[in-house]
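The following paragraphs lead through the model shown here, moving from backbone details to the core and then to the main pocket. Please keep the structure in view while reading.

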Amino acid sequence: MPKATPTASATNRPALRRNQACRPCRKRKLKCDAARPHCGTCVKQWQSLISVPAPPDYAHPAEPQCVYDPVDGLALAPDTNPLEKIRLLEEEVSKLKMQLQEQRNIGPLGPTQQPLRRLSQLRPGSASSSLILESGSQATNVQTTSLPYPKDRIILGHLHDSDPRNNSRSPELYEVRHKSSTDTILEIIYSGWNPDLPERNVLEHYIDVFFKCDPCGPRILHRPSFLAAVRLDPRDSSFPHSAILHAICASASRWSSRNVATLPDGTRRDEFAEFHASKTRQYIDKTMATGQDIFPVVQACILLAWYFYQEGRWVEIWIFAGFQTRVAIPLRLNYPGTFSTHNTTTPGGYLPPPKDLRDLESRRRTWWTTIIFDRIVSVGGWIHAIDERDIGTELPLRGEDFDSEQLMPSNPQDMCTEDVFTTHLPKYTDSFLLLIKAIMMFGRVTDFNVRGNLRAPTAPSKFQDPFELPGFADLDQLVHSDFLENLPSMFKMTGANELPGNHGSVDTDLYMVHVIPHAATITLHNPYLDLTDLNRISTSRCINAARAILSAYFKLSETSLDISRLHPFVTICWYLAAVVQVQVCKHFIEIGDEAREDQVWGEINVLRQAMINYGTRSPIGTRQEKLLQGLMMEIVRLTSQKQPLEVGLPLYPFSHTTLFATPTLPENAQMAPLPNPSTSHSMEYDSPMFVRDSGSLDLYCRPAGNPPPFPPSWSPHELQQPLSPESGLVRWSYRA
């Protein structure tokens, strides 16, 4: 068989002489192209090496290890004395300092400083910007001084001076104008401060806002030690990872916004937040390639995932949910103690054993926050990334024990505990732990629906009795009654008048604990909802759950809490309740009952307004309301109401101008922090008549001697009057 003809490149390439190939290729007897500074073979070997994360206490080489022998005709770098090299570098530094001094003597408005000053005004978080804290109870302006400049934005040249602030005589701009930009750059270089981060005092402000306002992310961080670490030198090994700081800036800017633009769909776009979100993603991409700093970067990924969730950016949400759950598995965070000490012959976790109680609890909370995020993302009917049977990690400790670093035995409960949803140990229970259990219970409903649909020959229908399905009755019992009935007394809702006049703060975690079971009930029973059968259990379950969620929102509006401080999952609960109400409204349209149709329209619009109000700060609310409008197209077409999307908006207990308005306080008013989730709160509850299982559509009828929850025909002015105790609304009071 004839041999293949060599290519032109192979025939024209000169043969290597003896010892001209690099030493590694000669040692391994590989082909070498003798390319400088590194041959192609060594480059490929190095790229394959760094594509795999380095083991603990080992670092990959920064470049290919390719060494050549001295060869005649090839210029090699001469050996340099290290001391001589240091002397040359010192002379170069002295020359640069002299040039900087000469540049400083030219004047404050030299050609180099003007572009730098203008860039500082254009950059997100510049000195001329102000921090505006947009809480529900006040607005605080925080003036900042000059901020570090990013290296990639220091560009010399002429910029068009179109900013009128350049002629301002304000003290802030005057100080920036007369401060040498070279001094600022040298301060950044010598201090080790990341130039992409805001200045230290601005960063500390955002961290403070993050811990006070964000309802999701702070759970995974140990606040006392984190605040102490931020005050360390940036070059200290205990200084927080930049990825976490960037993610905090992105999340906290929701309550301290600047450079916010409103998109055509009504949602907001924060330039400052997007800048820091992109920086966080860069660290995530780097860690995916090298495996360096994997645990703090996973924590930053969780914070960024919650940011995307509140933004309602579903594609990024799904990507991040899958990424962080799969990364947590090789870290062995799903093991008791979050570290595997056995079966070490298989590929083990990259994390060493926890150093102390704080490290152990941080791993637990990082794992459980990842898991509940996966459950929340999957409520639409997708399978979970991690099966509940593969979760061996014990539940975390109480928040107060975590913050105080009190030596406590590990929580004896995990997801394998038989009565984990009905037994709550006093020393291992707070509102956040109950929130974890409530979301995991919702996850069981999702598992039941998804697995049933995968294996069922036909889709669920209203003609099917779900209680004949294996496991349905037990799950219904847990979701509908057992979970809420077995809550500890200090977390239950009792009588409304026990503490008259007590208007304590609202524990947002505990609020969600009492709302999520109703949303799970709707998810479980909605496929079997039949509004023509008044005796059907699924029908009464769905209607009761929807109106309980609506009542919870009414009572929340009696407090001064800004609803945008609630967990973003509340918008999904409102949407599920509105879906049931839309079906009820369609039924009343079909049977021609205009009075009760008008009442249900009012309740639908209340939930729509709640989503819109939440969307003023977190776009997920606006996106869910748009999704609901698409679902309402049929009833809008069928109804006889002239303006159905505006009819019957109940304004109890305030007028429209006060219920949905932001209160104005003096400029020096302090921000009211949210309650510590570790501190227990008691919410007291009078079970209204429409929460009891007394029927389905009869709940909208007027029984003899009892008025309906809302009059069948009413105006907003009528509902501005305080409702009577017989109105059936939930009455809560909060006890710290």
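A residue is called buried when its relative accessible area is under 20%, exposed when that area is over 50%, and partly exposed in between. The model is a predicted one, and these classes help to place two residues with unusual backbone angles.

E405 has a phi near 55 degrees, a positive value in a residue other than glycine, and its place is the loop between helix 15 (399–404) and helix 16 (431–455). Because its relative accessible area is 37%, E405 is classed as partly exposed. R332 also has a positive phi, of about 60 degrees, although it is not a glycine; this residue is found in the loop that runs between helix 13 (314–328) and helix 14. With a relative accessibility of 11%, R332 falls under the 20% cut-off and therefore counts as buried. A further backbone detail concerns the peptide bond from R36 to P37, which is cis with omega near 5 degrees, and P37 sits in the loop between helix 2 (23–28) and helix 3 (40–50).

Turning to the helices, helix 21 (residues 594–615) has 22 residues, which at 1.5 Å a residue should span 32 Å, and since its end C-alpha atoms are 31 Å apart, the two values agree. Helix 21 is also mostly covered, as 19 of its 22 residues are buried.

The interior can be followed through its nonpolar cores. The largest nonpolar core has 139 residues, and F569 and W574 are those with the most contacts inside it. Helix 20 (residues 570–591) gives the most to this core, contributing 15 residues. Once neighbours within four places in sequence are left aside, F569 is in contact with Y309, I376, V379, F442, M512 and I516. A second core, separate from this one, has nine residues, among them A21, C42, C66 and Y68.

The last feature to consider is the largest pocket, whose volume is about 1200 Å³. It is lined by 37 residues, of which F295, P296, Q299, K355 and D359 are the closest to its centre. At least two residues of this lining come from each of helix 9 (223–230), helix 12 (294–311) and helix 14 (357–377). What is the make-up of the lining of the largest pocket in nonpolar, polar and charged residues? The lining divides into 19 nonpolar, 11 polar and seven charged residues.

Key
Residues are numbered from 1 along each chain as its sequence is written. This is a predicted model: local features need pLDDT of at least 70, side-chain atom pairs count only at pLDDT 80 or more; totals for chains, interfaces and linings use all residues. Side-chain values use heavy atoms; hydrogens and water are left out. On a 1 Å grid over the protein atoms alone, a cavity is a set of points where a 1.4 Å probe fits but cannot get out, and a pocket is an open set with protein on both sides within 12 Å along at least five of seven lines; lining residues have an atom within 4 Å of a point. Grid points are joined across faces, edges and corners, and a volume is the space filled by probe spheres set on the points. Helices (H or I, at least four residues) and strands (E, at least two) are DSSP runs, numbered from the N terminus. Ala, Val, Leu, Ile, Met, Phe, Trp, Tyr, Cys and Pro count as nonpolar, Asp, Glu, Lys and Arg as charged, and the others, Gly among them, as polar. Buried means under 20% relative accessible area, exposed over 50%, partly exposed in between (1.4 Å probe, protein chains only). The expected span of a helix is 1.5 Å times one less than its number of residues. A nonpolar core is a set of buried Ala, Val, Leu, Ile, Met, Phe, Trp, Tyr and Cys residues joined through side-chain atoms within 4.5 Å. Contact means heavy atoms within 4.5 Å.
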